[in-house]
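Dear colleague,

I am passing on the structure we talked about, with some notes on its charged side chains and its surface. Please have it open beside this message as you read.

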Amino acid sequence: MYGVDTISSLFTALVGLEHVYIFLLESFGWGTKKFNITFGIRSAEAEKLKHTQLDVLVKTLFANQGFYNLILAVGLFWGLLHPVPEFGKEIQFFFMTSVVCAAVVGSITTGKPRILLVQGIPAAQAQLKNNITKEHRAKYDSIN
């Protein structure tokens with residue numbers, strides 16, 4: 001059986017990996033079939049947009065947005081790898097809260113509840129696991 005810390009770290013790593021994937025898709029996937037399917041862009045719309053000024057602008061905006069997702073991922077991995085576990089948990093808490101907030105904002109501004117399901121729920125679950133770990137650690141410390 002795995003310990004609470006291991007499960008918490010696994011959930012956090014999965015959310016981090018998800019945001020690395022989002023970074024790659026948003027920053028380098030513009031115009032690909034996978035990108036269009038993920039973001040609900042029809043092939044005909046994508047063709048009309050190609051090689052226009054708007055194409056360049058939207059591609060740039062997605063690359064920028066992708067970078068923000070990379071920042072979230074790096075923050076989560078920093079928290080996982082920090083040499084002081086207690087501080088690492090605080091770092092994870094901050095970046096996981098940021099992921100949940102970004103998912104809520106993204107879901108509201110795009111009108112797509114799927115964002116909340118795909119990004120927000122896993123992050124909230126990881127956050128819950130991290131809080132359970134903190135409570136478990138506090139009880140253990142009070143006993144010893």
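Does Arg 42 count as buried or exposed, and at what relative accessibility? Arg 42 counts as exposed, at 59% relative accessibility. Before going further, please keep in mind that this is a predicted model, so that every value below is computed from it.

Salt bridges

The structure holds 2 salt bridges. In one of them Arg 42 is paired with Glu 45, and the closest N and O atoms of the two are 3.1 Å apart; Glu 45 itself is partly exposed, its relative accessible area being 39%. In the other, the side chain of Lys 50 meets that of Glu 47, again with an N to O distance of 3.1 Å. Here Glu 47 counts as exposed at 51% relative accessibility, whereas Lys 50, at 38%, counts as partly exposed.

Buried glutamates in helix H1

Two glutamates of helix H1 deserve a separate look. Glu 26 is placed in this helix, which covers residues 4-28, and although Glu 26 is buried, it has no salt bridge. The nearest side chain of opposite charge belongs to Lys 112 and is 10 Å away, while a salt bridge requires the nitrogen and the carboxyl oxygen to be within 4 Å. What the side chain of Glu 26 does have is a polar contact of 2.9 Å with the side chain of Gln 65. Apart from neighbours within four places in sequence, the residues in contact with Glu 26 are Phe 35, Phe 39, Phe 62, Ala 63, Gln 65, Gly 66 and Asn 69, so that Gln 65 appears both in this list and in the polar contact.

Glu 18, which also lies in helix H1, is likewise buried and without a salt bridge. For Glu 18 the nearest side chain of opposite charge is that of Arg 114, at 8.3 Å. With its neighbours within four places in sequence set aside, Glu 18 is in contact with Val 118 and Gln 119.

A nonpolar patch

On the surface, three leucines, namely Leu 10, Leu 14 and Leu 17, form a nonpolar patch, and together they have about 300 Å² of accessible area. Of these, Leu 14 is found in helix H1, the helix that also holds Glu 26 and Glu 18.

With best wishes

Key:
Residues are numbered from 1 along each chain as its sequence is written. This is a predicted model: local features need pLDDT of at least 70, side-chain atom pairs count only at pLDDT 80 or more; totals for chains, interfaces and linings use all residues. Side-chain values use heavy atoms; hydrogens and water are left out. Helices (H or I, at least four residues) and strands (E, at least two) are DSSP runs, numbered from the N terminus. Buried means under 20% relative accessible area, exposed over 50%, partly exposed in between (1.4 Å probe, protein chains only). Lys and Arg count as positive and Asp and Glu as negative; His and the chain ends are not counted. A polar contact is a pair of N or O atoms within 3.5 Å; within protein, one must be able to donate a hydrogen and the other to accept it, and residues adjacent in sequence count only if both atoms are side-chain atoms. Contact means heavy atoms within 4.5 Å. Patches are made of residues with over 30% relative accessible area and no salt bridge: like charges are joined within 9 Å, nonpolar side chains (Val, Leu, Ile, Met, Phe, Trp, Tyr) within 5 Å. Accessible areas come from the Shrake-Rupley method with a 1.4 Å probe; for residues, only the protein chains shown count as cover.
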